[in-house]
Structure formats: C-alpha cells, structure tokens
Amino acid sequence: MSDQVHSIVTGGAGFIGSHLVEELVKSGRTVVVLDDFSNGSRDNLNSVASQVEIVELDISEPFSTVFEHTKVDEIYCLACYPRQVSFSDPRRDCEVNLIGTVNALELARIKNAKVAFASNTGIVSNPVTLPVNETFPPNPLTPYDTNKLASEHLLRIYASVCNVKTIVLRFASVYGPRQRVNEKLGWRPVIPEFCGKLLRGLSPVIDGDGSQTRDFVFVKDIVGGVISAMESDSNDGDVFILGTNTETSILELYRMICELVKADIPPKHGPRKPEEIARMKYDYSKAQDAFGWRPKTHLSNGLKQTIQWLKQDQLNM
C-alpha cells in the first residue's frame, strides 16, 4: 500500500478477529485491537503481538476519546456477545451488539473512517425457500439477531444522514482454528464442541435429531471477504452475505468429524432449541459481483486444519 492505512478491529483478539488482524498486518496496515477478553485471548495474537497495539476496553463504553489524537481510516466491528447465549443476558447482548455499534459509528463519524460490520445470516430465521439471499425479509428469533438487525439499520442511517462510509456483512456459520468452547460464557460452537468431546472419548450431544443444516464457511475465507468489502466502493450500508451456498446437516458434520478423528462414538440427542434455525444455505453471488469474493475452502479441508489446531490446543491446555 502506498499510504499506510490505520485500522481498528473491535473483538480483534477473538476467533475471527485475530485472523483478520494477521491479514491486515500482512497488508501493511497499522492495526489497533480493541477487546475486553471476555471471549478473546492474547494468545490468538501471538504471531503479530509486537506489530499491533492492543487496547483492553469494553466497546459498550464510548471510546472516541481514546483515539482523539489517532488517525483512523477504517473500523472493523467484530466484537460480539454470542447468539447462543443471548437469552442468558439480553441486556449485555444489547450493550455489546448494539451500543457497541453506535460507539464505533460515532468514532467513524468523527474520524471520517469506513465501518465494516460483522452481522449474522440468522437474522432470516425460517426461510420459505433456499438459498437465502439479501432480499429475504428478516425475522429474528434471539436478542442477538435483533441487535444485529438494529445495527444494520444504524449503519445505513449513518451512511445516508451523516455521510459515514459503511458496509454490512452477514456471516454464515464460521469455523476454523482458534474457535474454542467458552464454558464461562456457555458458548459451544458445534465444531469445537464435537471435536473436543470426541478427542477425549466422550459422546457429544446433538440438539434434536440432527437433520438441521448449516452453511459452514472457513475463517480464512471470511477474512478475505471482510477486507475485500472494506476496500470496495460500497459505502452506503448495503448488506452482503458471506456463505458457501452449501448446506450440511449436523449429522453429516458429525460423521465427517468422526472419520477425521478416527472415533466410533454414537452421539447423544437432546431437545431441539426453540430458536434453532432448521436449514441454512446462503447465496454469496451479490458479494461475488460487488467485490469478487467467493469461498475457496471445502469443508473437509477446513475441518482437517481445524482438528489439527484443536489437537494442539488440547495439548497446550
């Protein structure tokens, strides 16, 4: 890059955020990581710790004064309170997922920076047809989805009324290295949950009969999409889906993981959660047309990389 770009990543010590930070550093940007470490880890940033500034703060508190004398060109909003636990503390969910967005937008307004916001495909909870695209009407089922949707509206409003450059990215089910179960929060992403249990010889629990499907997208592919979106000419709060247009049932995922970890352990079955989305398959063609993004990593290859990392992570615990 000819002129150095100054980036802020909220949630930059988290699973997706840390991968994004690494790529931003590689591209020559100056990067500041904002994180309260409730679900992130300094270890996630080991490869770039000497090249980034890490600021420990809660994004639900206004932070524009922190950067009063700092150049800011772009803000990546990845900090979130997880969907899976949003009913356990809906007030906290609102503070992080909505008020945190307001705080980022206010900083962007002051600094004339662009905001890329990580939203959620689960905003469309029970589609009549598949694949889901950006025109489907939203029908959120959790506080998380509701606050993400409200944030999307805020990004559009700040773009149209305050001339803040914004773009919204709805992620499918992201997985990959550094995604961990967080027992303290009660957050159990399905792939590390299955892998962790099977590697310890335990039987994981599947909610319902396992016929529900997910659109799994590898973290490195997501990061490429986020950076391409930030660099694109889309600045008016438009919404783009980052998925794979492929659905995989939870039972099929379980079979694949069992094969890769060489486990022959039948799963247990628990009750289906009322906020569970039955089928997920997301059309990414709008993102492909607008900024040339498409997923590159097949699920089997992504799972191999993820399992290799999870095995190492268990050894280090």
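Here is a short chat about how some descriptions of this predicted model were reached.

Colleague: Happy to have this one to look at! What makes the protein agree with a compact globule?

Modeller: The radius of gyration does. A compact globule of 317 residues would have a value near 20 Å, and the protein has 19 Å, so the two agree. Its C-alpha atoms fill a box of roughly 55 × 45 × 40 Å along the principal axes.

Colleague: Why is strand E11 called mostly covered?

Modeller: A residue counts as buried when its relative accessible area is under 20%. In E11, residues 236-242, five of the seven residues are buried, so "mostly covered" is a fair description. Across the protein, 55% of the 317 residues count as buried.

Colleague: And how do you know that E6 and E11 are paired?

Modeller: Two strands pair if there are at least two bridges between them. Strand E6, residues 166-171, is joined to E11 by six bridges, so the pair qualifies. These two strands run parallel, and leucine 169 stands opposite phenylalanine 240 in E11.

Colleague: Good, that is easy to find on screen. What share of the contacts with a separation of 6 or more comes from residues 24 or more positions apart?

Modeller: That share is 80%, where a contact means heavy atoms within 4.5 Å.

Colleague: Lastly, how far apart are the mean positions of the positive and negative charges?

Modeller: They are 3 Å apart, taken over 34 positive and 39 negative charges. As for the surface, the protein exposes about 14200 Å², with carbon and sulfur atoms supplying 50% of it.

Conventions: Residues are numbered from 1 along each chain as its sequence is written. This is a predicted model: local features need pLDDT of at least 70, side-chain atom pairs count only at pLDDT 80 or more; totals for chains, interfaces and linings use all residues. Side-chain values use heavy atoms; hydrogens and water are left out. The radius of gyration is taken over C-alpha atoms; the globule rule is 2.2 Å times the number of residues to the power 0.38. Buried means under 20% relative accessible area, exposed over 50%, partly exposed in between (1.4 Å probe, protein chains only). Accessible areas come from the Shrake-Rupley method with a 1.4 Å probe; for residues, only the protein chains shown count as cover. Lys and Arg count as positive and Asp and Glu as negative; His and the chain ends are not counted. The place of a charge is taken as NZ of Lys, CZ of Arg, CG of Asp or CD of Glu. Helices (H or I, at least four residues) and strands (E, at least two) are DSSP runs, numbered from the N terminus.
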